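Biologist: Please show me the model, and then I will ask about its core and one of its sheets.

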Amino acid sequence: MNDPTADTTRPALPEGPRHRSLTRRRFWQFGAAAAVTAGAASLLQGQFAGAATAASSQDYFDRAAKLAGDNPILTDLVSALTSGFTVPHPSAPDPLKIFDDVAVLSVGWVSATAILTSGGIILIDSLTSPTDAQGTLVPGLKALGADPSTIKYVVVTHAHGDHFGGAQYLADTYGARVMMAPADWTTLATSNPANAPARDLDITDGQQLTLGDTTITLHYTPGHTPGTVSPIFPVHWQGTAHTAMLWGGTNPPTATADKQTYLSSARTFGSLMKRAGVDVELSNHPFCDYGLERMQELSGAPDTADNPFVVGTADAQLFMQVMRTMVNGRILQDQESSSSAAASTATTAVALAGTSPGRAGCYC
Ligand SMILES: [Zn+2]
Ligand SMILES: [Zn+2]
């Protein structure tokens, strides 16, 4: 499981066509860092492969940092996946269309993503509460010229309160259907947290959900919770088609066995991303991926051809590689820790721990 020679895919160099303007130069800087770190990673892997002793968790964390280089999307991810990370609570950004057909509505530390189709809105997550739905989601959509009464589906990535909190309000107010994986519906039924939506539609693994002219695919990515779901969906920027992913739950769970599940999901999802040609990386917790800063950059240059959320297929894969490397390290860290045996039996408690908004058990 912790073979340090595993997952040795070298980070590819960034793609050329989109490197224009200021953002182009920035990504070239990242590219240079990636090229350097690719070599560094190979050296490190060579050290692992030739070492008589097993790699340590720190070896993985060091490798992840080198893979991330100076890319702030990746350094944010490394920070967020580091044990003891403290969730920041930045100011809420203004609502923003980050693509022609995607809007982000955020309270700062957690965001909802609206996919605007010809047949209405698919909302990914619903913020922390009915108050957020009424005070942030609804006015935010209206400010962007989108009609909240056309929300047809609320896809809840997982059963933590900062993602499902506004769902029942949207169901009651607009007749939106609320969707979640069965495992997390079960979690809600057994824990009955505040603002839990009534059980509605089950998400199946690999389900294709079509609304109007848009079809999104919903993949099971258990780990953060047993029923975490991550979507892959088409987006457009200035009319050009791209393919986006949104990782449903990033904070590694406490139990080692659950971290191993998470790692397996990250591997599988990375392959699915590659097959789908994912070149856009999104998160429901923007501090995990430089999301607020990218929103700010885009809002300051709304006509740019170089959308900062379009990272390219190579960097989208690198994002997942950094994630896997960090989680590999966290698994080893558990095994190095004298408390790992206790943590391994804590699966159920962890599954319930994050059901209150803002609890340390949930971010990303
Ligand atoms: Zn969560
Ligand atoms: Zn969360």
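The questions below concern a nonpolar core, a helix and a sheet.

Modeller: This is a predicted model, in which local features need pLDDT of at least 70 and side-chain atom pairs count only at pLDDT 80 or more, while totals for chains, interfaces and linings use all residues. Residues are numbered from 1 along each chain as its sequence is written, and chains are lettered from A and ligands numbered from 1 in the order in which they are written.

Biologist: Which helix gives the most to the largest nonpolar core?

Modeller: A nonpolar core is a set of buried Ala, Val, Leu, Ile, Met, Phe, Trp, Tyr and Cys residues joined through C-beta atoms within 7 Å; buried means 20 or more other C-beta atoms within 10 Å of a residue's own, with C-beta atoms placed from the backbone. The largest such core has 93 residues. Helices are DSSP runs of H or I with at least four residues, numbered from the N terminus. With ten residues in the core, the one that gives the most is helix 10.

Biologist: Why is helix 10 largely enclosed by the rest of the structure?

Modeller: Helix 10 covers residues 313–336. It is largely enclosed because, of its 24 residues, the number buried is 20.

Biologist: Which strands stand at the edges of the open sheet of five strands?

Modeller: Strands are DSSP runs of E with at least two residues, and two strands pair if DSSP finds at least two bridges between them. The order in this sheet is 8-9-10-11-12, with mixed pairing. Each edge strand has a single partner, so one side of each is left without a neighbour in the sheet; these are strand 8 and strand 12.

Technical notes. A residue is buried if 20 or more other C-beta atoms lie within 10 Å of its own, exposed if 12 or fewer, and partly exposed in between; C-beta atoms are placed from the backbone.
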